[in-house]
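Could you walk me through how the helices of this protein pack against one another? A short tour with a table would be welcome.

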Amino acid sequence: MNRCALIIMALTSWLGSLTAQEEAIPRGRKFWRDIVAAKFAVPAGESPRKLLEEVAPLLGSADSELRDDIAYTIAEHWIYRQKLMSRDDLLA
C-alpha cells in the first residue's frame, strides 16, 4: 500500500460513524470548490491542518463530488503533493 493511501486511511479513521449531509458541509460546498479551482492554494489566514480536520468527514460522503473531487483531492494535494502537513500534524 502506498504512502498516500495510508494517509487517506488515517484521515478516514476520523470519521467514525459520521455521514456527510449537505447541511453538514463545513463552510459550504462553494468554499471547498474554490480551493480546488485555485489549484489547492490554502486560503489566506487559514491553516491546512485545521481545514483538513474540517473536510475529513466528507471522505465518508455518499456524494462523489464531496468525497472524491473535494475531500480526497484536497487531502492528497496538501499531504502528499505539496507536503504542507508536518509529521506531528499527521500523527495528531
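Here is a look at two helix contacts and at the faces the helices bury. Please keep in mind that this is a predicted model.

**Two partners of H4**

Helix H4 covers residues 64–81, and helix H3, which covers residues 48–55, packs on it with the two axes 10 Å apart. The angle between H3 and H4 is about 155°. Since angles over 145 degrees count as roughly antiparallel, H3 is therefore roughly antiparallel to H4. The crossing of H3 with H4 is left-handed. From H3, the contact uses Pro48, Leu51, Leu52 and Val55, while H4 brings Ile70, Ala71, Ile74, Ala75, Trp78 and Ile79. By character, the residues of this contact are 10 nonpolar, with no polar and no charged ones.

Helix H2, residues 29–37, also meets H4: their axes come within 10 Å and cross at roughly 50°. That makes H2 oblique to H4. Here too the crossing is left-handed. H2 takes part through Arg29, Trp32, Arg33, Ile35 and Val36, and H4 through Glu65, Leu66, Asp69, Ile70, Thr73, Ile74 and Trp78. This contact between H2 and H4 has 7 nonpolar residues, 1 polar and 4 charged.

The geometry of both pairs is set out below.

| Helix pair | Angle | Axes |
|---|---|---|
| H3 and H4 | about 155° | 10 Å apart |
| H2 and H4 | roughly 50° | within 10 Å |

**What each helix buries**

Which residues of H3 are buried? They are Pro48, Leu51, Leu52 and Val55. Viewed down the axis of H3, these buried residues fall within an arc of 100°, so they line one face of the helix. H2 and H4 are among what covers them. The names Pro48, Leu51, Leu52 and Val55 will look familiar, as they also make the H3 side of the contact with H4.

H2 can be read in a similar way. Its buried residues are Arg29, Trp32 and Ile35. Down the axis of H2 they fall within an arc of 125°, so they line one face of the helix. Lys30 and Ala37 are exposed on the other side of H2. The buried residues of H2 pack against H3 and H4.

**Just past H2**

One backbone detail rounds off the tour: Lys39, just after H2, takes a positive phi of about 60°.

Terms used:
Residues are numbered from 1 along each chain as its sequence is written. This is a predicted model: local features need pLDDT of at least 70, side-chain atom pairs count only at pLDDT 80 or more; totals for chains, interfaces and linings use all residues. Side-chain values use heavy atoms; hydrogens and water are left out. Axes are lines fitted to C-alpha atoms, for helices over the stretch in contact, and angles run from 0 to 180 degrees between N-to-C directions. Helices (H or I, at least four residues) and strands (E, at least two) are DSSP runs, numbered from the N terminus. Angles under 35 degrees count as roughly parallel, over 145 as roughly antiparallel, 65 to 115 as roughly perpendicular and the rest as oblique. A crossing is left-handed if the near helix is turned anticlockwise from the far one by less than a right angle, and right-handed if clockwise. Contact means heavy atoms within 4.5 Å. Ala, Val, Leu, Ile, Met, Phe, Trp, Tyr, Cys and Pro count as nonpolar, Asp, Glu, Lys and Arg as charged, and the others, Gly among them, as polar. Buried means under 20% relative accessible area, exposed over 50%, partly exposed in between (1.4 Å probe, protein chains only). The arc is that of the directions from the helix axis to the C-beta atoms.
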